[in-house]
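Welcome to a short guided tour. Open your viewer, have the selection tool ready, and follow along stop by stop.

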Amino acid sequence: MTQVGTSTSPGSLEGTEAELEACRFERDPFQWDVREDCQVRQILDRIADKWSLLVIAILDEKTLRFGELGREIDGISKRMLTVTLRNLERDGLVRRTVYPEVPPRVEYELTALGRTLLGTTQALVAWTEEHQDQVARARQEFEAANPAR
């Protein structure tokens, strides 16, 4: 068996080719949850992160500077925005362009791959908007039935 890598730490995209191939075609979500070397799990962890979803949604068909993005996302720290953008860039979802000016101007935009997530992101937002009252009621009912939690 050919080794692609040997690390099994969380966030690693390494494993044997057979392990990665088995993960790629495994449709059992519980399998994704227990396999640290599974790329599907790692990608889902990245794009399902609340900050990543917001960045993807905000960059919908536009280019923004770091400060503009930060002002659009309530509650995100500069460090978390930096980490989120770096990870999305690493995964090929966001393009970072630095212009040779003084001071340097840096802009962020979705790549073609990143734009393929817009429909999914918009569908998730639409579902949330449509069902937010039901979720709020369910939370209230849960809290009423479980006050000690």
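Two strands count as paired if DSSP finds at least two bridges between them. Helices (H or I, at least four residues) and strands (E, at least two) are DSSP runs, numbered from the N terminus. You are looking at a predicted model, in which local features need pLDDT of at least 70, side-chain atom pairs count only at pLDDT 80 or more, and totals for chains, interfaces and linings use all residues. Residues are numbered from 1 along each chain as its sequence is written, and side-chain values use heavy atoms, leaving out hydrogens and water.

**Stop 1: the strands.** Select residues 64–65, which form β1; this strand pairs with β3 in the antiparallel sense over two bridges. Click Leu-64 and then its bridge partner in β3, Tyr-108. Now add β2, which pairs with β3 over six bridges, again in the antiparallel sense. Here Val-94 stands opposite Leu-110 of β3. Follow the chain from β2 to β3 and you pass through a hairpin of five residues.

**Stop 2: helix α6.** Select residues 78–90 to see the 13 residues of α6. Which residues of α6 are buried (under 20% relative accessible area, 1.4 Å probe, protein chains only)? They are Leu-81, Thr-84, Leu-85 and Leu-88. These four lie on the same side of α6, because they cover an arc of only 95 degrees around the axis (taken from the directions from the helix axis to the C-beta atoms). Turn to the face away from that buried side to find Arg-79, Arg-86 and Arg-90, which are exposed (over 50%).

**Last stop.** Just after α6, select Gly-92, which takes a positive phi of about 80 degrees.

Conventions
Expected span 1.5 Å × (residues − 1).
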